[in-house]
Amino acid sequence: MKRREFLITTAAATAGASLLACTGKTASSGREPKPYSVNRNGSARMRLSWEPYELKLAHTFTVASYSRTTTPDVQVKIEYDGFTGYGEASMPPYLGHTVESVCAFLEKVDLGKFSDPFCIDDILEYVDSLSDGDAPAKAAVDIALHDLVGKLMGQPWFRIWGLDAAKAPDTTFTIGIDTPEVVRQKTLECKGKFNVLKVKVGLENDTEMIETIRSVTDTPLVVDANQGWKDKQKALDEIFWLNEMGVKMVEQPMPKERLDDNAWITERSPIPVFADESIQRLKDIDSIKGAFDGINIKLMKCTGMHEAWKMYNYAHTLGMKVMLGCMTETSCATTAAAMLSPVCDYADLDGNLLIANDLFEGMVVKEGKLILPDRPGLGLIKL
């Protein structure tokens, strides 16, 4: 499908979803869901609740700027007329958010003023207006609302968006910075399970990391420098070497405030360069276009599925590629992101695979490929 035809199709799908949102009607599909009518007499109201939850990482996770063994998290629920939608806020250290800040924001949210959960635009505009930041907390509400509405409609979100789940891509699996022995063992554990590996770089041992991985596998790689490179010429030289080592793309080579240096690298790089820390929300895309070949959309940065859908469409109109990323998260948030994956160029949705205490069954990875649950909403099963 040509880009113009695709954009017309996706715009129609978006308009249709918005129309459905305020009528309470269900989307059409191959199977007919049980019809649901919003309670128009005002007796039903949405109820928001939450509780802190600490994610336990299966292995110590190291990037260019820190290491950790846990990630703070807040689990969220929206209940309405016998249905429950699930969401979550995950807070890795670099985002600057805490369990306390997320809970303080959620205390401000009064969903009881809305009698119709299908009016997603109005509800999320209200939630966003409550502060200038708090993206993970807003994402938690957004994800839970989408899960709820999908359940009310009797459809998974990839179908509401008009997407084909069979087109979901392979996901990368992340190899964090570590000793050669640990890197080699992690790589061997991935053999036959993943078709693309994502390698964290940005320290003095980048060459050692890549050569260790290449000693046991020829699986295609992508790398994420997490702003770790400081010299643009040295970074470019390394990218040329990485290209020779079978690396297909690089994320965030230089610090986000050094936009001109990132643009200089992108212009000369033999492989695509993606923005991660340099991009948060829809409004940021214009400021970085030309400096990167693509963007990494993460729900915890952009406030959730609603804005992620807008970011994807706008980025593609500019000719930019899109990667879907995640934090360390349960299958709730990674499955929410995966609903958009069938139209994205790359997926890095392994956050649930990096933790040892998942709360849900959702999307799964089979022979490296994302398999989306064909169940209403996010298709989550509570464990």
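Me: What surface does the protein chain expose, and which atoms supply 51% of it?
Reply: About 15,600 Å². Carbon and sulfur atoms supply that 51%. The area comes from the Shrake-Rupley method with a 1.4 Å probe; for residues, only the protein chains shown count as cover. This is a predicted model, where local features need pLDDT of at least 70, side-chain atom pairs count only at pLDDT 80 or more, and totals for chains, interfaces and linings use all residues. Residues are numbered from 1 along each chain as its sequence is written, and side-chain values use heavy atoms, leaving out hydrogens and water.

Me: Why is serine 278 called buried?
Reply: Its relative accessibility is 12%. Buried means under 20% relative accessible area, exposed over 50%, partly exposed in between (1.4 Å probe, protein chains only). Serine 278 therefore counts as buried. In the protein chain, 58% of the 383 residues are buried.

Me: Where is serine 278, and what does it touch?
Reply: Serine 278 sits in the loop between strand S8 (273-275) and helix H10 (285-288). Helices (H or I, at least four residues) and strands (E, at least two) are DSSP runs, numbered from the N terminus. Leaving aside residues up to four places away in sequence, serine 278 touches Gln252, Lys256, Ile288 and Phe292. A contact means heavy atoms within 4.5 Å.

Me: What makes the pairing of serine 278 with glutamine 252 a polar contact?
Reply: The two side chains meet at 2.9 Å. The limit is 3.5 Å for a pair of N or O atoms; within protein, one must be able to donate a hydrogen and the other to accept it, and residues adjacent in sequence count only if both atoms are side-chain atoms. The 2.9 Å value falls within that limit, so the pair qualifies.

Me: Glycine 290: buried or exposed?
Reply: Exposed, at a relative accessible area of 62%. Glycine 290 belongs to the loop between H10 and strand S9 (294-298).

Me: Why is asparagine 226 called buried, and aspartate 81 partly exposed?
Reply: Asparagine 226 has a relative accessible area of 13%. Aspartate 81 has 43%. Both residues lie in loops: asparagine 226 between strand S6 (221-224) and helix H8 (232-244), aspartate 81 between strand S2 (67-80) and strand S3 (83-90).

Me: What makes the phi values of these two residues worth a look?
Reply: Most residues other than glycine have a negative phi. Aspartate 81 has a positive phi of about 50°. Phi of asparagine 226 is near 50°, also positive.

Me: How do you know on which side of H3 (residues 120-128) the buried residues lie?
Reply: The buried residues are Ile120, Ile123, Leu124, Tyr126 and Val127. They cover an arc of only 155° around the axis, so they are on the same side of H3. The arc is taken over the directions from the helix axis to the C-beta atoms.

Me: What makes a set of residues a nonpolar core, and how many are in the largest?
Reply: Such a core joins buried Ala, Val, Leu, Ile, Met, Phe, Trp, Tyr and Cys residues through side-chain atoms within 4.5 Å. The largest has 114 residues, with Ile295 and Leu340 making the most contacts inside it. Helix H4 (residues 135-153) gives this core its largest share, 11 residues.

Me: Why is strand S10 (residues 321-325) called largely enclosed?
Reply: Because 4 of its 5 residues are buried. S9 and S10 run parallel, joined by 5 bridges. Pairing requires that DSSP finds at least two bridges. S10 also runs parallel to strand S11 (residues 346-347), with 2 bridges.
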